[in-house]
Amino acid sequence: MTDDTPDYSRYAGRVAFPRGPQDLIGATTCPACFTVLRTTACAQCGLDLGHPAATELHNASQVTAAGLEKRLQIIGRIRYETALAVAAA
């Protein structure tokens with residue numbers, strides 16, 4: 001965020017933490033609260049995905065999902081390789 005970009009985060013309202021990458025890339029759930037979507041506006045939290053910035057949110061979610069997947073892969077590798085080392089000892 002630059003100095004001339006407003007900080008809208010204080011207006012975000014309810015935002016749930018994703019349980020995994022699929023929460024961020026699924027098209028059937030609200031990207032803020034993960035409630036199943038029946039229209040373009042979430043019935044639970046009111047997020048309107050008809051807003052022009054919804055595409056920007058989708059793109060940011062894709063990048064975040066990829067980062068979360070990479071993080072999970074690294075955690076899995078550490079656990080796997082540690083278990084192999086313990087089994088070999």
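Guide: Let's start with a term: a residue is called buried when its relative accessible area is under 20%, exposed when over 50%, and partly exposed in between, using a 1.4 Å probe on protein chains only.

Visitor: OK, so is Leu37 buried or exposed?

Guide: Leu37 has a relative accessible area of 18%, so Leu37 is buried. Before going on, note that this is a predicted model, where local features need pLDDT of at least 70 and side-chain atom pairs count only at pLDDT 80 or more, while totals for chains, interfaces and linings use all residues. Residues are numbered from 1 along each chain as its sequence is written, and side-chain values use heavy atoms, with hydrogens and water left out.

Visitor: Where does Leu37 lie?

Guide: In the loop between H1 and H2. Those labels are helices, which are DSSP runs of H or I with at least four residues, just as strands are runs of E with at least two, and numbering goes from the N terminus.

Visitor: And what does Leu37 touch?

Guide: Not counting residues up to four places away in sequence, Leu37 touches Ala27, Thr28, Thr29, Cys30, Cys42 and Leu49. Contact here means heavy atoms within 4.5 Å. Ala12 is 25 residues from Leu37 along the chain, and their C-alpha atoms are separated by 18 Å.

Visitor: Which residues make up the largest nonpolar core?

Guide: There are five: Cys30, Ala32, Cys33, Leu37 and Cys42. A nonpolar core is a set of buried Ala, Val, Leu, Ile, Met, Phe, Trp, Tyr and Cys residues joined through side-chain atoms within 4.5 Å. In soluble globular proteins, nonpolar side chains tend to be buried together.

Visitor: I see cysteines in there. How many disulfides does the count come to?

Guide: Zero. The rule asks for a pair of cysteine sulfur atoms within 2.5 Å.

Visitor: Why is Cys30 too far for a bond with Cys45?

Guide: Because the sulfur of Cys30 is 3.6 Å from that of Cys45, its closest cysteine sulfur. Looking from the other side, Cys45 is in no disulfide either, with the sulfur of Cys30 as its nearest. The two also have their own burial values: Cys30 is buried at 0% relative accessibility, whereas Cys45 is partly exposed at 30%.

Visitor: Back to the loop. What's Thr29 up to?

Guide: Thr29 is placed in the loop between H1 and H2 and counts as buried at 19% relative accessibility. Leaving out residues up to four places away in sequence, Thr29 touches Asp23, Phe34, Thr35, Val36 and Leu37.

Visitor: Phe34 is on that list. What is its phi near?

Guide: Phi of Phe34 is near 65 degrees, a positive value in a residue other than glycine. Phe34 has its place in the loop between H1 and H2, and with a relative accessible area of 11% Phe34 is buried.

Visitor: And Gly26, is that one buried or partly exposed?

Guide: Gly26 is partly exposed, with a relative accessible area of 22%. Gly26 is found in the loop between H1 and H2. His58 is 32 residues away from Gly26 in sequence, and the two are 9.7 Å apart in space, C-alpha to C-alpha.

Visitor: Let's switch to the helices. Who's in H1?

Guide: H1 covers residues 21–25, and Asp23 lies in it. Asp23 is buried at 11% relative accessible area, and its contacts beyond four places in sequence are Pro18, Thr29 and Phe34. Leu24 lies in H1 as well and is buried at 14%.

Visitor: What does Leu24 touch?

Guide: Setting aside residues up to four places away in sequence, Leu24 touches Pro18, Ser61, Thr64, Ala65 and Leu68.

Visitor: Which residues are buried in H2?

Guide: Ala54, Ser61, Ala65 and Leu68. The buried residues of H2 pack against H1.

Visitor: How many residues does H2 have?

Guide: H2 has 35, residues 54–88, and reaches 50 Å from its first C-alpha to its last, close to the 51 Å expected at 1.5 Å a residue. That expected span is 1.5 Å times one less than the number of residues.
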